[in-house]
Amino acid sequence: MRTNRIMLLSLLVLAFIYSCGEKDTNQNSSSQETYELVIVDSLIVDELEELQVTDYNVKTKRFLAYGTNSKDCMEVDMEGNIINRVELSGEGPGRFGTDMNGLGYFGEDKFINGMGNYFVYDKDWNYKRKSPSTNYLIPVKYISQAPKDLAYLGKTVLVQAIEHTEYGRKLAPEYFSTAKMIELLEINEEAPLALIPYPEKSIYGSDKTYYWSHQPKFAVNEAENKLYLTLPLERKLYLYNLDDSFSLDKVIDLDLTGFTAPQGIPFNDQLKNSLKGFGPENELNYVYMMTNSSIQDISTHGKLTMLKHRTGVENKSITSYEEATGLARKDSRTINSFIIDGQVVYETEENFRYPIRIDEMRFMSPDLNEAEERDYNKFYIYELRTTNNR
């Protein structure tokens, strides 16, 4: 890493301030360990345009990055060097069109979620194959995080959450009793394989109350050979075995700060009182999307799971989307929890924009100091450390 003395001193100061200023929570009664989150290094990429790092390859120790203006795709090593750079927008074989919405490693290959198609490339960015997708979301600037993939029956497949209410579809009260949460897609196959029903006793199993936020957040823990899955409105972590049946192995109740019981609407009201310009869904769906506590993201590597959730707001009488949006911006907090053995061992409200896991205890996130003009991109590498052996 290219770190001069001044930068090293600044990192040490930031690490001290960060570890002292954040809430440090010990709930692991068996080990009595306490933890702190510190900045241990930085990565400088000499590139004028803003880059979004989307994925990390543990084997090659390289990052995938996306040019937020040029839409170029590139690989960056741990020293901040751009190893290769390709321009794949436009029309033609292997080109993703005008916009993409996902970039990541896909087994030994690379993967782009383009407009209406998934594209797969080899390690040298040679185009291999594509498959139709339902992605027509045009990103404003930043794209979605890297697509999830796993080995299934000897093949690398894409894992994605199922959207059950696309195109304003109305669901019956008993719908979620048989609905599946995820699907596996082998590129080139015509139809994905739907798996994992909504859990028994889940709030989504209610035949009276409809919850619009239903798509799970999930991550693959390769060390444990398990799929870690959460539902937006529940304080639970579901662990599924990565076998041919995806059997449920464990359910963990999570102690998440400020996470309250959700609000929903009657099933029959799904398409009533729609918000103009936002589709046919009931306006209260959008209100509760802003005011309910909800899990936003999850990643897992070895023994450490990182989870991000929004607390929502306490005022439960709001019916206006505009009012809900304003109050959520003012009062809702975003909290990052660090979980070991099912217990939250550390939490912080620090803003990490699209954090990328490097290994079990480290992750990388961009420096968000927008007041400083730069002709390079800067990223901080954070590490969760135990404080017991100081």
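Phe 338, Tyr 346, Phe 352, Phe 363, Tyr 380 and Tyr 382 form one aromatic cluster. The model in which this cluster appears is predicted. This briefing covers its aromatic rings, its internal cavities, and two residues, Asn 285 and Pro 280.

**Aromatic rings and charges**

- Across the whole structure, a search finds 24 aromatic pairs. Among them is the pair of Phe 119 and Tyr 127, which is tilted, with 6.4 Å from centre to centre and 55° between the planes.
- Phe 119 has a relative accessible area of 4% and is therefore buried. Tyr 127, at 34% relative accessibility, counts as partly exposed.
- The ring of Trp 125 has the charged end of Lys 110 over it, 5.0 Å from the ring centre.
- The ring of Phe 218 lies beneath the charged end of Lys 148, which is 5.6 Å from the centre of that ring.

**Cavities**

- Rolling a probe the size of a water molecule over the atoms shows where empty space is left.
- The structure contains 2 cavities of 30 Å³ or more.
- The largest cavity has a volume of about 70 Å³. Its lining includes Tyr 211, Ser 213, Leu 233, Tyr 288 and Met 289.
- Helix H2 gives the most to this lining, contributing 3 residues. By class, the lining of the largest cavity comprises 6 nonpolar and 5 polar residues, with no charged residues.
- The second largest cavity has a volume of about 40 Å³. Among the residues that line it are Thr 165, Gly 168, Arg 169, Leu 271 and Glu 281.
- The lining of the second largest cavity has 3 nonpolar, 4 polar and 2 charged residues.

**Asn 285**

- Asn 285 belongs to helix H2, which spans residues 283-291.
- Asn 285 counts as buried because its relative accessibility is 3%, and buried means under 20%.
- Asn 285 helps to line the largest cavity, and it also lines the second largest cavity. Tyr 210 and Trp 212 are likewise found in the lining of the largest cavity and in that of the second largest.
- Leaving out residues up to four places away in sequence, Asn 285 touches Tyr 210, Trp 212, Ile 265 and Gln 270.

**Pro 280**

- Pro 280 is placed in the loop between strand S19 (265-266) and H2.
- At 36% relative accessibility, Pro 280 counts as partly exposed.
- Apart from its neighbours within four places in sequence, Pro 280 is in contact with Gly 168, Gln 270, Leu 271 and Ser 274. Of these contacts, Gly 168, Gln 270 and Leu 271 line the second largest cavity.
- Pro 280 and Glu 322 are 42 residues apart along the chain, and their C-alpha atoms are separated by 17 Å.

Terms used:
Residues numbered from 1 in each chain as written. Predicted model: local features only at pLDDT ≥ 70, side-chain atom pairs only at ≥ 80, totals over all residues. Heavy atoms only, no water. Helix = DSSP H or I, 4+ residues; strand = E, 2+ residues; numbered from the N terminus. Buried < 20%, exposed > 50% of the residue type's maximum accessible area, 1.4 Å probe, protein only. Contact = heavy atoms within 4.5 Å. 1 Å grid on protein atoms, 1.4 Å probe; cavity = no way out; pocket = protein on both sides within 12 Å on 5 of 7 lines; lining within 4 Å. Points joined across faces, edges and corners; volume = space filled by probe spheres on them. Nonpolar A, V, L, I, M, F, W, Y, C, P; charged D, E, K, R; others polar. Phe/Tyr/Trp six-rings, centres within 6.5 Å; stacked < 30°, edge-to-face > 60°. Lys NZ or Arg CZ within 6 Å of the ring centre and 35° of its normal.
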